Structures are given as C-alpha cells and as structure tokens.
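Please walk through this model with me, moving from one buried residue outward to the core and then to the helices and loops around it.

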Amino acid sequence: MKYLSTRDDSLSRSFNDILYQGLSRDGGLYLPQSWPKIDLLSLKNKSYEEVACEIIFPYVNENIEKLELQKILNETYANFTHEKIAALVELENNKFLLELIYGPTYAFKDYALQFLGNLFSTSLEMSPKKITVLGATSGDTGSAAIHSFKSKKDINVFILHPHNKVSPIQQKQMTTVIDKNIFNIAVEGNFDDCQKIVKELFVDDEIQESTSLTAVNSINWARLIAQVVYYFWSYLQTDKQQINFIVPSGNFGNIFSAFVAKQMGLPIGHLHIATNSNDILKSIVDTGEMKKKSVFQTYSPSMDIQVSSNFERQIFESLNRDSKRVNEVFESFSSKGFYQFDDSVLAKFQQIYKASSIDDSQTLETIKFVYEKYNYIADPHTATGLKVLLDKKDDEAWVSLVCAHPAKFDKAVNKAINKEIEIPKELSNLFDKEEKMTILPNSTMDVKNFILEKISNA
C-alpha cells in the first residue's frame, strides 16, 4: 500500500514514511492510492482485536507483519473496561447506540490514540530516534493522546487547547499528567486557532530541522484507520443487511472513517452528520458553501470548530482525486475565507451525507428526553446525534455514536436532567491533583519558540 497527498496525487509514500509526518510537507493530508476490500464473512465471530487486525493490516502490510500488528492491537485494548471493547446498545427497534467510552479517558478518541501510542513505541524500538508529538485539541483528543504517550521513551508531547474553552474535567485530564515528556499549552484563542498553529508548524522548515514532528490529530492517517474498525464492528453485532450511521462531528475525522469503511465494502446506506451551532459542515452539505465564521462556545465544546481539517480528504475524493483542483479550492478559501462548490460536487457530497445542526437548547432537551424515556444519560456531544436518531421515522437500522462519558460534561448534563450524576473515581480524583500548563498568546511564533526551548533542554 502506497500513499499520496490531497495536494499532490503523484506522491507515493510507504506507511512508515507517513506515520510520523501526519501532514504532508505540501500541506495536504495523506490517503491510500487505492481502497482495499474486506470480505465481511471472514470477520464473523472474531474479537474486536481480530477484526481490527483484518481492517488495518492492508494499510500497513509493507512495514508491519500481521502477527506484530495483532500483538500491538491486543496490547492496545487489553485495559478497556467492556468485554466487547465497544458496546452496541439497542435503544428501540432499529435504533442503536455505539458506546465508545470504555478507554482510559472515557472518550472515543481512546480507540485510535491508544493504538497510535503503541504503534509509535513499536516503530521506535525497530528504528530508534526522538520524535515530537504535536496536536491541537478541542477537548478529548488531548487527554487521550497524553494518556497514550505519557512516559514513552524518546517521545515529547505538546498539546494545544483553547484556554478556558474545554470542560473542567477535559482540562484536568490533560493538565494533571505531570510526566516530564508532557507539555500542555493553553492558547488564548479558539480551537481553529490552535489547529492553524499546528498546521503552520508542520510546514515550518526550522522546527522540522530541529525535531521529527509527528501529528496525533485526526489529520494523522493512522488514527483514522483505527476508527474505521468500530463501524465494521457495529455491523457485525447486528443481523442487518445494511446499516446507517449518525456521527456527531467537529473535525470530520470520525465520519470520514465511516466513509472509508464504506469504500472498503461495508454496506452503509446513509451517513448523517450531527453538528452543534458551529455548522460549517451542514452549510457545505446543504448548499456547497464553505465559509469561515465565528466560533460559538456551546455545551458540546469538542465540536466548537468552523474549519474541519479532515473535510479536505472528502473534497479530494469528490473532485475525483485531482490534487490540482484541491489546491485551487484551498488557495481561494485561504485568501477569501469563502469557497462555493459547484452543483456537480455538491451532488456528490449529498449522495453520501446528510447533516443537521443541533443548538444548545435542543441538546439539553434531548438529554432530558432520553433520560426520562430510556433511563440513559448522554453527554452533550452524543445528544446531538441522539436528536437526529430520535427524529428518524424510517424502518432502516441506524447507529448513533456515543462520544464520551456524560460525567466529563456534568454541568450541562446536570442542567438538563436536574440531577447530579455519578462521576467515575478516576475522573473525580482529578480535582485533587496539581496541574502543569503553560498559557501562550495566539501566536505560531510563541508556540514554536516554546517547543524549541523545551526539546533543546530535554
């Protein structure tokens, strides 16, 4: 399997070449040159780890032996707290929830980032070097990455989050990890600002010459292939011939993983994007308009994003994998803050996706309704998808993703159901721990200088 870039379709890189880079030096995102196909019958009666091995192996087979990959996956999910790793719960007939909350930080990001941490460690054992992990987070990615990489040999981790714009528990999950290889940076801006800084640093020659910079955001292809697994796993837990998914979406990585599963042969009928008031994805799917807007702070902060990085991968696919046209789109978008896709491209988006925007009041109403009717407590991100799920009137099978444990967003949940929810001991204990965090201005140069200083002293 070789990899190209959304900005250079002539590129041909191995999996090892792209594992650490995350973002291509041309500014594009990596994708495989072709989509492997999976025999669904071969996955029957396999464990989650075994299914994961079958899904991921075609993407890494040039560099990782299958037995080694299986070992990495077994280690990755050994400490997840549900026997099935990811649990499929039937809310009512043909309406399911996929619970992705059984990893160490109680969020779906664990399913990919625990894998990525073990993958990096194995790779570094075979080819020793020092790497610098750099990521931006709107909440859960940061804590999942930190818990995956803490105390790892030869890996320094720098995570940017928007200052005072993540939940208190999300912040504590990051900043109370005081291992010497972990650096939390609170940027005085929003998530899009953090993400912009990360992208600029990945194409900065000085920092690239000083360290091997590595991405853990969903721009890193290895994260997406780990997320593809649970879409196959969902299907295998049902007796349905076809399945549809509702995915709460911010940076578009999770729902693009569902698109990848469909390309690999999973019989997915529809993909429905659930967003909050930051609705650029709905705007693109409904009208073809991609426009930079102000970011609203909501009860679902991990989705408070207006520039969804992974949507570039979908643009590339919908433009018939023509990187020249992708470059034209982003040159225009960068200079004008606006791009209008033509009707033919819009039709391709709409063949694959539908989208809904769920505001804060609807989010709280949904949490309350689901608790009262089903005795199920949902976090506010999950609730955006649940609102869409409950509105479905057809007889098709729909699966909506559970993104995080509700205790991570207890203020919003308490407001919705007027009830204090039980917080797992591992989360409640966070408030007794000291924090390690550096607050920096919304400046690429300031962040760059901080990173260079810390790695020079490491």
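Phe252 touches Ile273, Leu281, Ser308, Asn310, Phe311, Gln314 and Tyr353, where touching means heavy atoms within 4.5 Å and residues up to four places away in sequence are not counted. The model is a predicted one, in which local features need pLDDT of at least 70 and side-chain atom pairs count only at pLDDT 80 or more, while totals for chains, interfaces and linings use all residues. Residues are numbered from 1 along each chain as its sequence is written, and side-chain values use heavy atoms, with hydrogens and water left out.

Phe252 itself sits in the loop between strand 10 (243-248) and helix 10 (253-263); helices (H or I, at least four residues) and strands (E, at least two) are DSSP runs numbered from the N terminus. With 1% relative accessibility Phe252 counts as buried, because buried means under 20% relative accessible area, exposed over 50%, and partly exposed in between (1.4 Å probe, protein chains only). Its C-alpha atom is separated by 15 Å from that of Gln350, which is 98 residues apart from Phe252 along the chain.

Two of the partners of Phe252, Phe311 and Gln314, are also among the buried residues of helix 12. Eight of the eight residues of helix 12 (residues 311-318) are buried, so this helix is largely enclosed by the rest of the structure. The buried residues of helix 12 include the charged side chains Glu312, Arg313 and Glu317, where Asp, Glu, Lys and Arg count as charged, Ala, Val, Leu, Ile, Met, Phe, Trp, Tyr, Cys and Pro as nonpolar, and the others, Gly among them, as polar. After helix 12 comes Asn320, which has a positive phi near 60 degrees.

Tyr353, another partner of Phe252, leads to the largest nonpolar core, a set of buried Ala, Val, Leu, Ile, Met, Phe, Trp, Tyr and Cys residues joined through side-chain atoms within 4.5 Å. Of the 124 residues in this core, Tyr111, Trp221, Phe232, Phe245 and Tyr353 touch the most other members. Helix 9 (residues 221-236) gives the most to this core, with 13 residues. Leaving aside neighbours within four places in sequence, Phe232 is in contact with Ile38, Leu40, Leu43, Val51, Ile55, Ala261, Met264 and Leu266. A second, separate core of 26 residues includes Leu23, Cys194, Ile207 and Ala215, and Cys194 counts as buried at 0% relative accessibility.

Further along the chain, the axes of helix 15 (residues 360-374) and helix 16 (residues 380-391) come within 8 Å and cross at roughly 75 degrees, the axes being lines fitted to C-alpha atoms over the stretch in contact, with angles from 0 to 180 degrees between N-to-C directions. That makes helix 15 roughly perpendicular to helix 16, since angles under 35 degrees count as roughly parallel, over 145 as roughly antiparallel, 65 to 115 as roughly perpendicular and the rest as oblique. The residues of this contact divide into eight nonpolar, four polar and one charged.

Two loop residues remain to be placed. Tyr106, in the loop between strand 5 (95-99) and helix 4, has a positive phi of about 65 degrees although it is not a glycine, and Tyr106 counts as buried at 14% relative accessibility. Asp154 lies in the loop between helix 5 (140-149) and strand 7 (155-162) and has a positive phi near 65 degrees, but Asp154 is partly exposed, with a relative accessible area of 25%.
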